[in-house]
Amino acid sequence: MSKDTENTNNEEVEQEVETNEECCKDESSCCNEEETAPEEVKELSAEDKVVELEAKLKEAEEKYLRVHADFENIKKRLEKEKYNAIDYASEKFAKDLLSPIDTLEMALAAEEAASNLSTEELLAKLKEGVELTIKNFYTAFEKHNITVVETDGEFDPNFHNAIMKIDSEEKDSGEIVQVMQKGYMLKERLLRPAMVSIAN
C-alpha cells in the first residue's frame, strides 16, 4: 500500500471521528436521535405493561368475586344445616320412644279384648305390658347414654335432692334410706337429681 493511500485513509478516519464528535455536541444531532429511539421503545413497553397489569388486576378481581360468592353460598348452606341439626337433634331419640308407646297401646288393646279374663289374669297381663314398656324405655335410654343416678351409699348434693330426714336403724347418718323419684344422667350431665330421704 502506498503512503498516499495510507494518508487518504487516515484523513477519512479522522474526518469521520470529527463528524461524530460534532454530531454528539449538537443537541439536535443524530446522536440524540439515536438515544431517543430506545426511550420511545421503553415508553411503548411501559404502556403495554400497564395494559397487561390492568388485565391481570381485572382477572384477579373476577377470581376474588367468584371465590367470595362461593364462600357466601357455603356459609349460607352451613348455617341452614346447623339450624336443621338443632331443630332435629332429638329425632333419633323421638324415634326410639315410639316403641314404648306402641307397647302401651298394645297393652290397652289387649285389656279391651280380654273382657272374659278374670281380674287376676287381667292384672297380670297389664303388669307384664307395663314391665315390657319400662324395659323398652330403658333400652331407648341406653342407646342415648341416659343412665339412672346411683342411690346406693351416701348422699351427694351434686346428684341427689334430700326431701326429708328419717330415723333408720339399718343406715348410718347421711346415707340414703329411700328413693322417692329416680334421677337421670345424660352422659356426664345431670338431667334430674334423685329425690331421696336420708338417715338422721
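What share of the 200 residues in the chain is buried? In this predicted model, buried residues make up 14% of the chain.

**Figure 1. Overview of the chain and its secondary structure.** The predicted model contains four helices and six strands. Followed along the sequence, these elements appear in the pattern α-α-α-α-β-β-β-β-β-β. The chain exposes about 16,700 Å², and carbon and sulfur atoms supply 53% of that area. Contacts may also be sorted by separation in sequence. Of those between residues at least 6 apart, 56% join residues at least 24 apart.

**Figure 2. The open sheet formed by β2, β6 and β3.** Three strands make up this sheet, in the order β2-β6-β3, and their pairing is mixed. Strands β2 and β3 are the edge strands, as each of them pairs on one side only. On average, neighbouring strands of the sheet are turned by 30° against each other, with direction ignored. In a regular strand, the side chains alternate between the two faces of the sheet.

**Figure 3. The pairing of β3 with β6.** Strand β6 comprises residues 194-199, while β3 covers residues 176-181. The two strands pair in the antiparallel sense over four bridges. Within this pairing, Q181 has M195 of β6 as its bridge partner.

**Figure 4. The hairpin of β4 and β5.** Strand β4 (residues 184-186) and strand β5 (residues 189-192) run antiparallel and are joined by three bridges. One residue to locate in this view is Y184, whose bridge partner in β5 is R192. Two residues lie between the strands of the hairpin. In the turn, K187 has a positive phi of about 55°.

**Figure 5. The surroundings of E175.** E175 is placed in the loop between β2 (160-166) and β3 (176-181). Leaving aside residues up to four places away in sequence, E175 touches G153, E154, F155, S197, I198 and A199. Residues 194-199 form strand β6, so the contacts S197, I198 and A199 belong to that strand by the definition of strands as continuous runs.

**Figure 6. The charge environment of E175.** Is E175 buried or exposed? E175 is buried, yet it has no salt bridge. Which side chain of opposite charge is nearest to E175? That side chain is K171, at 4.9 Å. A salt bridge requires a side-chain nitrogen of Lys or Arg within 4 Å of a carboxyl oxygen of Asp or Glu; K171, at 4.9 Å, therefore does not form one with E175.

Technical notes:
Residues numbered from 1 in each chain as written. Predicted model: local features only at pLDDT ≥ 70, side-chain atom pairs only at ≥ 80, totals over all residues. Heavy atoms only, no water. Buried < 20%, exposed > 50% of the residue type's maximum accessible area, 1.4 Å probe, protein only. Lys, Arg positive; Asp, Glu negative; His and termini not counted. Contact = heavy atoms within 4.5 Å. Pairing = 2+ DSSP bridges. Axes fitted to C-alpha atoms, helices over the stretch in contact; angles between N-to-C directions. Areas by Shrake-Rupley, 256 points an atom, 1.4 Å probe, with all protein chains shown as cover.
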